Number of protein chains: 2
Amino acid sequence: MKTTKEPAIKPTRQEDYSEWFQQVIKAADLAENSPVRGCMVIKPWGWSIWELIRDALDKRIKDTGHQNAYFPLFIPLSFLEKEAKHVEGFAKECAVVTHHRLEEKDGKLIPTGPLEEPLVIRPTSETIIGDAFSRWVKSWRDLPLLINQWANVVRWEMRTRLFMRTAEFLWQEGHTVHANEKEAREETLQMLEIYRELAEEHLAIPVILGEKSEGERFPGAVNTYCFEAMMQDRKALQAGTSHYLGQNFSKAFDIRFDTKEGGLDYGYTTSWGVTTRLIGALIMTHSDDDGLCLPPKVAPHQVVIIPVLNKPERADEVLSYCEKIKKDLSLHRCHIDKRDLRGGEKTWDWIKKGVPVRIEVGPRDVDSQSCMLARRDTGEKAPHSVDTLATTIPNILNEMQQGYFDRATAYQKEHTRTDITTFEQLKAFFTPKNVDKPEIHGGFVLAKWCGDPTTEPLLDELKISIRCLPLKQSGTEGKCVITGRPATLDAIFAKSY
Amino acid sequence: MKTTKEPAIKPTRQEDYSEWFQQVIKAADLAENSPVRGCMVIKPWGWSIWELIRDALDKRIKDTGHQNAYFPLFIPLSFLEKEAKHVEGFAKECAVVTHHRLEEKDGKLIPTGPLEEPLVIRPTSETIIGDAFSRWVKSWRDLPLLINQWANVVRWEMRTRLFMRTAEFLWQEGHTVHANEKEAREETLQMLEIYRELAEEHLAIPVILGEKSEGERFPGAVNTYCFEAMMQDRKALQAGTSHYLGQNFSKAFDIRFDTKEGGLDYGYTTSWGVTTRLIGALIMTHSDDDGLCLPPKVAPHQVVIIPVLNKPERADEVLSYCEKIKKDLSLHRCHIDKRDLRGGEKTWDWIKKGVPVRIEVGPRDVDSQSCMLARRDTGEKAPHSVDTLATTIPNILNEMQQGYFDRATAYQKEHTRTDITTFEQLKAFFTPKNVDKPEIHGGFVLAKWCGDPTTEPLLDELKISIRCLPLKQSGTEGKCVITGRPATLDAIFAKSY
C-alpha cells in the first residue's frame, strides 16, 4: 500500500488541475513546448505511446478493408473555396505559404519568390483528397474507395496546450467514397465503433458515442459523430470524430461515377479522425498525484527491471539474473534500467512515467530466487518468487488494464447526473461552491433537449455546451432542461476542453 | 519462359528511359502528380512499399539504441540564420509561411494575419532539433543522445519528378550528439552501414559507400557520406546521406555539456537520412519493360492467388481451395484477388505491380490438387503440386531476392570502367554515339582524382560529377583523370539524378 509520503507531482489535481496536467507531462518527459508558437516537441516517451496507439488503430483500419496513402501537405486556396461552409470553418486558423525563397537584405532574411497562388498547410484534407478522388472514381466498380492517411495538420489556434490543442498535431484521417447513402452512413458509424474499441480496450477510457448538434458540426458535414470522455476534473473531452459528408464534397470536387444501373451519380463520402489529443485524454483520465499511469496496452515498457547494484562484487550476477527475468517475460515489453543512478531515483522515474510493473532485484533476491514486485495502480509492493513471474505478470497486466477502465467508468458514472430537469438545477450543478479557489466540480448531465439550435447559446452563461446526443436514446418524453418545452432528445451537457 | 508478346510498358527502357519510368509508376499505380506544384500523391501500392521500407529501417534504427521523437514542422527564420552555410544551402528552396488566416475580399480569399516572424517549412531539422538539444543536453551523462524522426520535409525544387525529386517528400532524419569526435564519427559511419544493409538486403540494390567531395557536402557538415547506386540508364542515384557535423551546429545552437573531467565542451553532432527517393531507386534498379519488379522483402503482396472463376457452379469450391493455399502460406504476405475481372486482366495487373509470385487456380487444378505457379523475375510459369507449395514458395522468394541483387550487381560491374585514365577517354565514354536519338550509354568510372575542388567544374562539360570517394580506397598512386597531375584518391565519376 501507499505510504503517506508527499505526492511526486505538485500541485496535486485538487490544488490546480490544469497545472498538475502540465507537471505530469514534464515529470514523465512526454513532450515540451517548442519556441515555435503553439507547436510541441513530442519526446521519446510520448512518441512511443503514440506509436502504440497508431499501430493498434492502424491494424483495425486495415482489418476493415481500408488502405493507407499519402496526400500533399499543401492545399491551393482555390480548393478551399469550393465548399462554402468548409472554408468558413477553417479560414480563421490557416497557416498560409506565400513565398518560396529567402533572400538576405541588410543582414536579415526576407521572404521572396511570391507564389502565384498562396497555399494553405492542410488543416484537414477533404479538399485535396476530394480532388484526387475525382480522378480515381469513375464507375461503381471503383467503390467503395476506402483510404486513410497518417499525417501532420496545422490549425493556427490562439490558446494552445500540450497534446490537447496545438497548432501542429498528428492524426490519421480516413476518407471514403460510397455508391449510396446507406453504405456511407454505415461506414461513418463503423469507424466510430472502431474508435470506441481503441479508446476502451486499449486506452482504458470509457466513452460516450453520440452525434454533435448542428452548431458543433464539422464544416461541410451532414452529420458529425463523436466520442466524449470524462476527465478527472469532470470536463468532457472530445477525442475523435466521424463525419457523414453526404454529397457536399463530391459535388464540390466532382466525384462522379457511372452507377450499376447505367446512370451517373455523385459519390457519398465520409471522413473520420483521431489525433495526438488521445494522449492528452490518456493522461487526464488515469494519472494521479504521483504522475502518469499507463494502461499496459499502451505502455512502451510494461515491466521495468531495476537492478540494485550497491555491491559492486555482485553486480554481474545481479545483471545476469535481470537478463534471465527479462527472457522469462519475453512476451511483454520489458526493459532493464542499467543507468548509473541511485535505486530510489530510478524507482521514482518509472513511477512518474507510469510504467505498470517494476521489478527490483538485489543480491539477496538472487540468493533467494525472488524479487520485489511493485504495481503502479495500487502502489502495492511485495516480494515475489521469480519462478512464477511469467504466469503472474500477464495476470497483473490484464487486471491493471481492466482496473483502470473500471475506475474511470465508476468515476464517470459517479459524476453523471440524470435527475436534473430544470435550468436552475443545471446552473447550480455547474456553479463552483467556492469562487475564490479553483475546485473540481460539476460533471456530465444527461437531460432532455428540445433540439432547437437557438437554445444552445443560453448555455454560454454556465460555460457549458451540449457535448453530444448519445447514440443510445431512451425515446422517452420529458421537458427541455433549457427551455422547459416538451422534448424527446437525450443530450449530454458538460464543460469541455 | 517469356513469350514474344509486346511489352506492357511503352515506351521501353531502350526507347525512352525517362518516360518508361513514369509509365511504370502509372502502370503499378504507385503515385501520381498532384495539382500542387511538385507534390505527389502516394497511392496505396506505393505507400505499402514505403511502410515495408520504413518498418525494416525503423527496427534497425531502434536496435542500435536510437529513439524516435517528433519536432515542429516550422522553423523560425532566426534559427536558419544561425548557421551561415546551412542557410546559404537552403534559402533558395524554402516554403515560407507569412500569414495565419484567410479573409474574403471581393469574392476571393486573401492571406491576412501577418506573422511577426515568418516561418519556414522544415527542409531538414538540424536547427529546430539543435535548439531542443541545447535544452536536453547538460552533462556527459546525457550523452550520447540518439534521436530519430519520421517526417515530411519541403524543398521547393523547380524540376520535380515522382519519387526522385518532389517539393514535399517523406524521410527519416537521425540527429545525435556525442561527447567526442571519435564517437560521433563512428555513429556517422555506423548509420551509413545500416543504410547499406537496408539497400542491399531489403531493396536488393547494390550500393557504393563513399564520401562526398567538398562541393557536394551538406550545408554545415564537416564530412558528408553517401551511398550511390547505378540505375538501368547507368546514371548514379544518391539514395541517402550521413553527415558528421563536428561542432558547427552545437556552437550555433549552444549544445554544451559538462564533461566527465569537469570541463565544458560543445557536443559533436551527426545527422543522417533516407527518403521516399528509395522507392525511385527501387523502380529504376529492378523494373523491366513489363513494369515494376519487387524484391520479395519489400513486396506488399509476396504471393497473389488468382482464382479462375469461369465455371460459376464450381466458384465456391475454387475459392475455398484458394483460402486453403493462403493458409498454407501464412508465413508470407499472401493475397487472393477476388475481383470481378477477366483472368488475363488480373494477371497483367499483378505483373505490372511487380508481385513476385502468382498462383492461378481453376476447377481442373482443384481436381488434380495442383496450381499454375508463375514467377515475376524469370517469367516462368509451370504447374505445381499444392502439397509442396509451403516449402517451394520460401525458396523461390529467397532465390528471387538474391537474384535481383545479383542481376543489379552484375549490371553495375559490367558498366563500371576502371581503365580510364585521361580526360579524353572520360569524354568519349560519356558522349552518346548517336546524338539524334536518346540512348543509354556511359556508366560509372572509377578513376584517380587529385582532390583539388577547382577541378570539379571541368566535369560540367561532360554533364558528369564526382559521385563519391569510395570508403574502400586502393591507396595506389596514379594520374588525375581530369588534370593529369599525380593523384592518390579513387573517385567515382558518373552522370547523376
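# Exercises on a predicted two-chain model

**Exercise 1. Place the residues A:Arg196 and A:Glu193 in the secondary structure, and describe how their side chains meet.**

Solution. A:Arg196 and A:Glu193 both belong to helix 6 (residues 181-202) of chain A, where they stand 3 residues apart, about one turn of the helix; helices (H or I, at least four residues) and strands (E, at least two) are taken as DSSP runs and numbered from the N terminus. The model is predicted, so local features need pLDDT of at least 70 and side-chain atom pairs count only at pLDDT 80 or more, while totals for chains, interfaces and linings use all residues. Residues are numbered from 1 along each chain as its sequence is written, chains are lettered from A and ligands numbered from 1 in the order in which they are written, and side-chain values use heavy atoms, with hydrogens and water left out.

The next step is the geometry of the helix. An α-helix has 3.6 residues a turn, so residues three or four places apart point the same way. The side chains of A:Arg196 and A:Glu193 meet in a salt bridge at 2.7 Å, N to O, a salt bridge being a side-chain nitrogen of Lys or Arg within 4 Å of a carboxyl oxygen of Asp or Glu. A:Glu193 has a relative accessible area of 29% and is therefore partly exposed, given that buried means under 20% relative accessible area, exposed over 50%, and partly exposed in between (1.4 Å probe, protein chains only).

In chain B, B:Arg196 forms a salt bridge with B:Glu193, with the closest N and O atoms 2.7 Å apart. About one helical turn separates B:Arg196 and B:Glu193, because they are 3 residues apart in helix 6 (residues 181-202) of chain B.

**Exercise 2. Trace the salt bridge between B:Asp349 and B:Arg339, and state how accessible each partner is.**

Solution. The side chains of B:Asp349 and B:Arg339 come together at 2.8 Å, N to O, in a salt bridge. This pair links distant parts of the chain, with B:Asp349 in helix 10 (residues 343-352) of chain B and B:Arg339 in the loop between strand 16 (334-336) and helix 10, 10 residues apart. B:Asp349 has a relative accessible area of 18% and so is buried, whereas B:Arg339, at 35%, counts as partly exposed.

**Exercise 3. Determine how helix 2 of chain A is placed, and what follows it.**

Solution. Helix 2 (residues 44-63) of chain A has 20 residues and reaches 28 Å from its first C-alpha to its last, close to the expected 28 Å, where the expected span is 1.5 Å times one less than the number of residues. Because 15 of the 20 residues of this helix are buried, helix 2 of chain A is largely enclosed by the rest of the structure. Just after the helix, A:Gly65 takes a positive phi of about 90°.

**Exercise 4. Describe the surroundings of A:Gln232.**

Solution. A:Gln232 lies in the loop between strand 10 (223-230) and strand 11 (236-246) of chain A, and its relative accessibility of 13% means that A:Gln232 counts as buried. Its side chain is joined to that of A:Arg13 by a polar contact of 2.6 Å; a polar contact is a pair of N or O atoms within 3.5 Å, where, within protein, one must be able to donate a hydrogen and the other to accept it, and residues adjacent in sequence count only if both atoms are side-chain atoms. A polar atom of the A:Gln232 side chain also lies 2.7 Å from the backbone oxygen of A:Ser287. Leaving aside neighbours within four places in sequence, the residues in contact with A:Gln232 (heavy atoms within 4.5 Å) include A:Tyr17, A:Trp20, A:Tyr411 and A:Ile440.

**Exercise 5. Characterise the contact between chain B and chain A.**

Solution. The contact takes 64 residues from chain B and 64 residues from chain A. The area buried between the chains is about 5300 Å², of which carbon and sulfur atoms give 65%; buried area is the accessible area (1.4 Å probe) that two parts lose on being put together, summed over both. In chain B, B:Tyr70, B:Leu102 and B:Leu109 lose the most area to chain A, together 13% of what that side buries.

Turning to polar features, the count between the chains is 6 salt bridges, and A:Arg141 and B:Asp340 meet in a salt bridge through their side chains at 3.7 Å, N to O. A network of salt bridges links A:Asp29, A:Glu32, A:Lys43, B:Asp131 and B:Arg135.
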